[in-house]
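The exercises below are meant to be worked through with the sequence and the structure side by side. Try each task by yourself before you read its solution.

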Amino acid sequence: MAEKLSADRARLVELAESNRTSLSALSSMLGRNPSYLQQFVRKGSPRRLEEQDRRKLAEFFGVGEVELGADPDLARPRESDDFLAVPRLALDASAGPGAVSAEEISFDSFRFSRRWLREMGLEGADLSAIRVEGDSMEPTLRSGDEIFVDRNKRAGEGIHVVRIGDVLHVKQVQASAPGRITLISANDAYAPIELARDEVEVIGRVVWKGGRV
């Protein structure tokens, strides 16, 4: 019979799954052996996370340390229930020839207030942050910009991240003939690409961008 996970171990698994990351990636983020958190969850070794590890994980997920096993009387108060962690994925959406996608593991996160997300019309969005590479979407998107992709918005026209085979692109998506889709660059130096709809996987719509001035 499988061992029942303690509340803090079960909560860590739940948070990792909801943020689309893995225990090995989180272990690496902590500067630990990739199996560190897997052993903590599955074997209870260590019995408790070290304070600095627990704190870093709590900050990453935007939760209180108590949820990850801290003593309620000693834990630092939660920064705020009004902030959401948006995971940054270790892959690029190419605005040029195309970027081969890496495994979608979060290596960091942005934290935004839920109030700001509401004001931006992003409340309830399933957001991931990725970086733009290439110049085909200039001046709308520049190489190095961070973009938020809402995976809940995959239909309709607009700027989307799409996957063609193993390659990611960020393009303006436009319906063309029945069963066809056209990918358009903002930079006139790049010609539109027309493909069969089933050749293109729409990952999500680009709903926000940020970058250096």
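**Exercise 1.** In which loop does P46 lie?

*Solution.* Begin by noting that the model is predicted. Following the chain to P46, we find this residue in the loop between α3 and α4. Next, look at the bond that leads into P46: the peptide bond from S45 to P46 is cis, with omega near 5 degrees. A second case of this kind can be found at E138 and P139, which are joined by a cis peptide bond with omega about 5 degrees, and here P139 belongs to the loop between β4 (127-133) and β5 (146-150). To see why such bonds are worth marking, recall that most peptide bonds are trans.

**Exercise 2.** Find where R20 is placed, and describe its phi angle.

*Solution.* The first step is to locate R20, which sits in the loop between α1 (7-18) and α2. The second step is to read its backbone angle: phi of R20 is near 55 degrees, a positive value although the residue is not glycine. As a rule, most residues other than glycine have a negative phi. The last step concerns its surroundings, and with a relative accessible area of 37% R20 is partly exposed.

**Exercise 3.** Decide whether D53 and R32 are each buried, partly exposed or exposed, and state how their side chains meet.

*Solution.* Start with the contact itself: the side chains of D53 and R32 form a salt bridge, with 2.8 Å from N to O. The two residues come from distant parts of the chain, since D53 belongs to helix α4 (residues 51-61) and R32 to the loop between α2 (23-29) and α3 (36-43), 21 residues apart. Now turn to the accessibility of each partner. D53 has a relative accessibility of 4%, so this residue counts as buried, because buried means under 20%. R32, by contrast, has a relative accessible area of 27% and is partly exposed.

**Exercise 4.** Describe the salt bridge of R115 with E119 and that of E194 with R180, giving the place of each residue in the chain.

*Solution.* Take R115 and E119 to begin with, whose closest N and O atoms are 3.4 Å apart in their salt bridge. Both residues lie in helix α5 (residues 114-119), and they are four residues apart, which is about one turn of the helix. R115 is exposed at a relative accessible area of 58%, and E119 is exposed as well, at 52%.

Then consider E194 and R180, where the closest N and O atoms of the salt bridge are 3.2 Å apart. E194 is in strand β9 (residues 193-196) while R180 is in strand β8 (residues 180-184), so this pair ties together parts that are 14 residues apart in sequence. E194, at 43%, is partly exposed, and R180, at 33%, is likewise partly exposed.

To complete the picture, the count for the model comes to 11 salt bridges, and R11, E14 and E67 are linked in a network of such bridges.

**Exercise 5.** Which way do β4 and β5 run relative to each other, and how many bridges join them?

*Solution.* Compare the directions of the two strands before counting: β4 and β5 run antiparallel, and five bridges join them. One of the residues to check is R131, whose bridge partner in β5 is E146. Finally, look at how far β4 is covered, and you will find that five of its seven residues are buried, which leaves the strand mostly covered.

Key: Residues numbered from 1 in each chain as written. Predicted model: local features only at pLDDT ≥ 70, side-chain atom pairs only at ≥ 80, totals over all residues. Heavy atoms only, no water. Salt bridge = Lys/Arg side-chain N within 4 Å of Asp/Glu carboxyl O. Buried < 20%, exposed > 50% of the residue type's maximum accessible area, 1.4 Å probe, protein only. Pairing = 2+ DSSP bridges.
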